Amino acid sequence: MPGGLIAVKINEKLKNDNILDKNGKLLTITKSQVNRILREKFGKPLKIRKVFYLNEEAKKKRLEFCQKIVQMGLEGKNIFFTDETRMDTGPNTKGESIRVSSKIKNKIKKGDEEGYQKINRETKKFESSIIVAGGVSYYGQSDLILLVGTMTDFAYVQALEFYKENYENFKKQNENLYFEQDGASCHTSKKVKALLENYFGDKLIQNAPHSPDIAYPIETLWAELKKRVKNRNPKSLEELKEITIEEWNKIPKDYIKKLFNNYIKRCNKIIELKGGRLEPEHLRDIRKEMEKNKKMKKKWKKLTEKKIMKKKRNKI
């Protein structure tokens, strides 16, 4: 149970029983006191995170980014997406993060039991974790880079050496290939910027902030990798490293290609939403449109084949 909710319930009990402190005032307990006790007994308490909020500045940057992509005439297959994520042998040691709306969060702070039940989950710890860096293009996944610790600009410089080699290999299949990264601090130091310009020149794209729904090919690939690793239940750091590399290399090329099917449609939808976040209903609309187009292509192909057969029969 979150510290704020526990503090509310304890304070209600203290008030009802009229328990006083040594100065004769009503005894109370704060959220921070409760959280300190929870940390001592059970590790870090459950955290509550809101669904990522897009302010007007973030929406503007997302809109500008998508407009730029459309104006450049780029498609998903023209971009080599890169990113970093954390792999572990179990749930997060820092406490589970539950995404809820600000309305529910405020209710929970005030002691709402129904709101608390929506986020009530058991929080466990893991023994070890690694940072993995990698990329994906329409033509396949990159080499996977493993780090113990955090991704710094020094580590990212080393990662760029691998990315450059992968980029050059993918570029043989698509001359108009761009290198994409997010705006993390380790990607924007002076040394890194100079190296990026040297390696990729004008073929460099920096994704808009707060935009996992735009860089979804790599985000989806991370989710798939984590699911595969979790199913194999690694017990140690060495086992985690081995399994992570094995599962990354086993992800099928057909699965990867499908991740790039609706990239430009997503960008167009975000432009339509003026930089707003893609909700499930928007993604359903995109899928329906793609299915409709697929059926139309099949229908057109059949009609074309019939016309060709008819011409052949007329010639005979």
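**A walk through a predicted model**

Hi everyone, let's start at one spot: His210 sits in the loop between β8 (204–206) and α8. Is His210 buried or exposed? His210 is partly exposed, because its relative accessible area is 46%. Now look along the chain for Leu54, which is 156 residues away from His210. In space, the C-alpha atoms of His210 and Leu54 are separated by 7.3 Å.

Before we go on, please keep in mind that this is a predicted model. The mean pLDDT of the protein is 83, and 82% of its residues reach 70 or more. Which element has the highest confidence, and which the lowest? Confidence is highest in β7, at a mean of 96, and lowest in strand β1 (residues 47–50), at a mean of 48. There are also two stretches to read with care. Over residues 92–96 the pLDDT stays under 50, and the model gives this stretch 13 contacts beyond four places in sequence. Residues 122–126 also have a pLDDT below 50, with 16 contacts in the model beyond near neighbours in sequence.

Now for the overall picture. The protein has 316 residues, and 38% of them are buried. Its secondary structure comes to 12 helices and eight strands. Let's take the contacts in the protein with a separation of 6 or more: residues 24 or more positions apart account for 76% of them. On the outside, the protein exposes about 19900 Å², and carbon and sulfur atoms supply 50% of that area.

Let's go inside. In soluble globular proteins, nonpolar side chains tend to be buried together. Here, the largest nonpolar core has 33 residues, and the members that touch the most others are Phe65, Ile69, Phe81 and Tyr263. Which elements give two or more residues to this core? They are α3 (56–71), β2 (79–88), β4 (129–137), α8 (216–232), α9 (237–250) and α11 (263–272). Helix α8 gives the most, with six residues. If you want one residue to click on, try Ile69. Leaving aside neighbours within four places in sequence, Ile69 is in contact with Leu74, Ile79, Ile205, Tyr263, Ile264 and Cys267. There is also a second, separate core of 23 residues, and Phe80, Leu147, Met151 and Leu177 are among them.

Next, the aromatic rings. How many aromatic pairs does the structure hold? It holds 13. In one of these pairs, Phe80 and Tyr163 meet edge-to-face, with 6.2 Å centre to centre and 85° between the planes. Phe80 lies in strand β2 and Tyr163 in helix α6, so this pair ties together parts that are 83 residues apart in sequence. Phe80 and Tyr163 are both buried. Another edge-to-face pair is Tyr167 with Phe200, at 5.0 Å centre to centre and 85° between the planes. Tyr167 is in helix α6 and Phe200 in helix α7 (residues 190–200), 33 residues apart, which links distant parts of the chain. Tyr167 and Phe200 are both buried too. These four residues belong to one aromatic cluster, which also includes Tyr156, Phe170, Phe179 and Tyr199.

Two charged residues also meet rings. Lys77 lies over the face of Tyr138, at 4.7 Å from the ring centre. Arg266 lies over the face of Tyr216, at 3.6 Å from the ring centre.

Now back to the loops. Asn176 is in the loop between α6 (153–171) and β7 (178–181). With a relative accessible area of 31%, Asn176 is partly exposed. Not counting residues up to four places away in sequence, Asn176 touches Leu74, Asn78 and Lys203. Its C-alpha atom is separated by 8.5 Å from that of Ile79, and those two residues are 97 apart along the chain.

Last stop: backbone angles. Most residues other than glycine have a negative phi. Asn18 has a positive phi, near 55°. Asn18 lies in the loop between α1 (3–16) and α2 (31–42), and it is exposed, with a relative accessible area of 52%. Lys274 also has a positive phi, of about 55°, although it is not a glycine. You can find Lys274 in the loop between α11 and α12 (280–315). Is Lys274 buried or exposed? Lys274 is exposed, because its relative accessible area is 64%.

That's my tour, and thanks for listening!

Terms used:
Residues are numbered from 1 along each chain as its sequence is written. This is a predicted model: local features need pLDDT of at least 70, side-chain atom pairs count only at pLDDT 80 or more; totals for chains, interfaces and linings use all residues. Side-chain values use heavy atoms; hydrogens and water are left out. Helices (H or I, at least four residues) and strands (E, at least two) are DSSP runs, numbered from the N terminus. Buried means under 20% relative accessible area, exposed over 50%, partly exposed in between (1.4 Å probe, protein chains only). Contact means heavy atoms within 4.5 Å. A nonpolar core is a set of buried Ala, Val, Leu, Ile, Met, Phe, Trp, Tyr and Cys residues joined through side-chain atoms within 4.5 Å. Accessible areas come from the Shrake-Rupley method with a 1.4 Å probe; for residues, only the protein chains shown count as cover. Rings of Phe, Tyr and Trp (its six-membered ring) pair if their centres lie within 6.5 Å; planes under 30 degrees apart count as stacked, over 60 as edge-to-face and the rest as tilted. A charge sits over a ring if NZ of Lys or CZ of Arg is within 6 Å of the ring centre and within 35 degrees of the ring normal. pLDDT is the predictor's confidence in each residue, from 0 to 100.
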